[in-house]
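Dear colleague,

I am handing over the structure we spoke about, and I have set out below what was found in it. Please read the notes with the sequence and the model open beside them.

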Amino acid sequence: MKKTYHGSCHCGAVRFEAEIDLAEGIRKCNCSFCWKLGYRKSFAAYEAVRVTDGRDRMREYQATPSNWPEGDINHYMCPNCGANFLSRGYLDFMGGNFWAVNVACLDDVTEEELGAAPIVYEDGKRDRQDQAPDITGYL
């Protein structure tokens, strides 16, 4: 069931709300971005995320070089505390535009909700986000 959660960066300079369904899973990916940052995400429809405070403080990051076409993956962070809280993307199998919400930045999610969410593994290292990598124990 979808629920609206409120989130923020670590220092609170940027705040957002996102309607997500944790029953669809918390995604752990082995792409270099997710791996290096420990990003644990849940997907939200593009229209289901709203930045409520601090949009002007958000900084955008796009990897260079990248296998993704320019503008397909954008990561957002706070320049004050360095927290990465949202990524915007485009994937055909996701129905087009979507948000990846870093569940670690949700302020009102409970431990019980996080613990009940299934884990979905993505092989982003090989651009196979719809498949689990052969080895997942390190994720």
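The chain holds two helices and 10 strands, and from the N terminus on these elements follow one another in the order β-β-β-α-β-β-β-β-β-β-α-β. The radius of gyration is 14 Å, close to the 14 Å that the globule rule gives for 139 residues, so the chain is as compact as a globular protein of that length. Please keep in mind throughout that this is a predicted model.

As for overall dimensions, the C-alpha trace spans about 40 × 35 × 30 Å along its principal axes. Of the 139 residues, 45% count as buried, and the chain exposes about 7,900 Å², of which carbon and sulfur atoms supply 47%. If one takes the contacts between residues at least 6 apart in sequence, 54% of them join residues at least 24 apart.

Next, the interior. In soluble globular proteins, nonpolar side chains tend to be buried together. Here the largest nonpolar core has 26 residues, and the members that touch the most others in it are Phe-16, Ile-20, Leu-22, Phe-85, Leu-86, Val-101 and Leu-106. Four strands each supply at least two residues of this core, namely E2 (15-20), E5 (49-53), E8 (84-91) and E9 (96-102), and the largest share, three residues, comes from E2.

Which residues does Val-101 touch, if those up to four places away in sequence are not counted? The list includes Phe-16, Ile-20, Phe-85, Leu-86 and Leu-106, each of which also appears above among the core members that touch the most others. Val-101 also touches Ala-18, Ala-44 and Val-49, and its neighbours further include Arg-40, Lys-41 and Ser-42. Apart from the largest core lies another one, of nine residues, among them Phe-33, Tyr-39, Phe-43 and Leu-91.

I turn now to the charged pairs. Side chains of opposite charge can pair when their charged atoms come close. The structure holds six salt bridges, and I describe some of them here.

In one of them, Lys-3 pairs with Glu-113, with the closest N and O atoms 2.9 Å apart. Lys-3 belongs to strand E1 (residues 3-8) and Glu-113 to helix H2 (residues 111-116), so this salt bridge ties together parts of the chain that are 110 residues apart in sequence. Lys-3 itself counts as partly exposed, because its relative accessible area is 36%.

Glu-122 takes part in a salt bridge with Arg-27, where the closest N and O atoms are 2.4 Å apart. This pair links distant parts of the chain, since Glu-122 is in strand E10 and Arg-27 in strand E3 (residues 26-29), 95 residues apart. Are Glu-122 and Arg-27 buried or exposed? Both of them are buried.

Glu-122 also meets Lys-41 in a salt bridge, at 3.1 Å from N to O. Lys-41 lies in strand E4 (residues 40-45) while Glu-122 lies in strand E10, so this pair ties together parts that are 81 residues apart in sequence. Lys-41 is buried, as is Glu-122, and Arg-27, Lys-41 and Glu-122 are thus linked in a network of salt bridges. Lys-41 is also one of the residues that Val-101 touches.

Finally, some notes on the surface. Trp-35, Ile-135 and Tyr-138 make a nonpolar surface patch of about 360 Å². Ile-135 is placed in the segment after strand E10 (119-122), and it counts as exposed because its relative accessibility is 59%, where the cut-off is over 50%.

Asp-134 is found in the segment after E10 as well, and with 78% relative accessibility this residue also counts as exposed. The C-alpha atoms of Asp-134 and Asp-108 are separated by 34 Å, although the two residues are 26 apart along the chain.

Another exposed residue is Asp-92, which has a relative accessible area of 66% and lies in the loop between E8 and E9. From C-alpha to C-alpha, Asp-92 and Glu-111 are 32 Å apart in space, with their positions 19 residues apart in the numbering.

With best regards

Notes
Residues are numbered from 1 along each chain as its sequence is written. This is a predicted model: local features need pLDDT of at least 70, side-chain atom pairs count only at pLDDT 80 or more; totals for chains, interfaces and linings use all residues. Side-chain values use heavy atoms; hydrogens and water are left out. A nonpolar core is a set of buried Ala, Val, Leu, Ile, Met, Phe, Trp, Tyr and Cys residues joined through side-chain atoms within 4.5 Å. Buried means under 20% relative accessible area, exposed over 50%, partly exposed in between (1.4 Å probe, protein chains only). Contact means heavy atoms within 4.5 Å. Patches are made of residues with over 30% relative accessible area and no salt bridge: like charges are joined within 9 Å, nonpolar side chains (Val, Leu, Ile, Met, Phe, Trp, Tyr) within 5 Å. Accessible areas come from the Shrake-Rupley method with a 1.4 Å probe; for residues, only the protein chains shown count as cover. A salt bridge is a side-chain nitrogen of Lys or Arg within 4 Å of a carboxyl oxygen of Asp or Glu. The radius of gyration is taken over C-alpha atoms; the globule rule is 2.2 Å times the number of residues to the power 0.38.
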